[in-house]
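Hi,

Here is the structure I promised to pass on. Have a look, and my notes follow underneath.

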Amino acid sequence: MNKISKKIAKVKRVWLQFRMLTIRDGWNIAKYLNKRSVFQHFGKNCYYAPIILPAKHELVCLNYNAVISAGAVVTKDIEVNSVVAGVPEKIISSYNEVKDKVLKYSGILCKKGYTSDAWVSELTEVESLQHNTNKG
């Protein structure tokens with residue numbers, strides 16, 4: 001690779017990083033990265049929250065139903081139906097477990113009248129309400 005093509009590749013990478021900062025939503029970042037063919041393979045239903053691309057992003061495969069949490073550094077392929085976090089990334093849960101938890105707690109929040117993002121204290125209150133209803 002000559003100097004000019006290295007500089008072009010660097011400018012493209014900087015532009016991708018900047019663009020990822022401006023999107024601010026993991027689902028839309030995933031769509032953008034997929035449209036730009038940034039990764040070797042990008043499956044359906046991916047959520048990409050990190051604002052940093054892997055060093056060798058063109059060699060990484062993100063399989064379908066993959067959730068990459070904010071701050072995670074992707075160094076290898078992401079398995080199907082997995083949620084990863086950490087540096088380097090580790091599987092912390094499955095996609096279906098997280099989906100079930102979100103649906104469970106969002107239903108409780110909707111019943112209480114919350115229609116937007118809830119504060120941590122409100123979610124803690126909901127969790128304690130859930131435990132109390134299970135006891136009685």
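Ser37 is exposed, with a relative accessible area of 57%. This is a predicted model, by the way. You'll find Ser37 in the loop between α2 (26-35) and β1 (41-42), and its phi is near 50°, a positive value for a residue other than glycine. That caught my eye because most residues other than glycine have a negative phi.

Asn81 also has a positive phi without being glycine, near 55°. Asn81 sits in the loop between β4 and β5. Is Asn81 buried or exposed? Neither: Asn81 counts as partly exposed because its relative accessibility is 26%, and that class runs from 20% to 50%.

On to the sheet. It is open, with 4 strands in the order β2-β4-β5-β6 and mixed pairing. β2 (47-48) and β6 (90-94) are the edge strands, each pairing on one side only. Strands β4 (residues 66-68) and β5 (residues 82-85) run parallel and are joined by 3 bridges. Ala66, for one, has Ser82 in β5 as its bridge partner.

The loop between β5 and β6 holds Pro88. Check the backbone there: the peptide bond from Val87 to Pro88 is cis, with omega near -15°. As a reminder, most peptide bonds are trans.

Last item, charges. Which residues gather in a patch of positive charge on the surface? They are Lys3, Lys6, Lys7 and Lys10. Lys10 belongs to helix α1 (residues 3-23). With a relative accessible area of 61%, Lys10 counts as exposed, because the cut-off for that is over 50%.

Cheers

Key:
Residues numbered from 1 in each chain as written. Predicted model: local features only at pLDDT ≥ 70, side-chain atom pairs only at ≥ 80, totals over all residues. Heavy atoms only, no water. Patch = residues over 30% accessible without salt bridge, like charges linked within 9 Å, V, L, I, M, F, W, Y side chains within 5 Å. Areas by Shrake-Rupley, 256 points an atom, 1.4 Å probe, with all protein chains shown as cover. Salt bridge = Lys/Arg side-chain N within 4 Å of Asp/Glu carboxyl O. Lys, Arg positive; Asp, Glu negative; His and termini not counted. Charge placed at Lys NZ, Arg CZ, Asp CG, Glu CD. Helix = DSSP H or I, 4+ residues; strand = E, 2+ residues; numbered from the N terminus. Buried < 20%, exposed > 50% of the residue type's maximum accessible area, 1.4 Å probe, protein only. Pairing = 2+ DSSP bridges.
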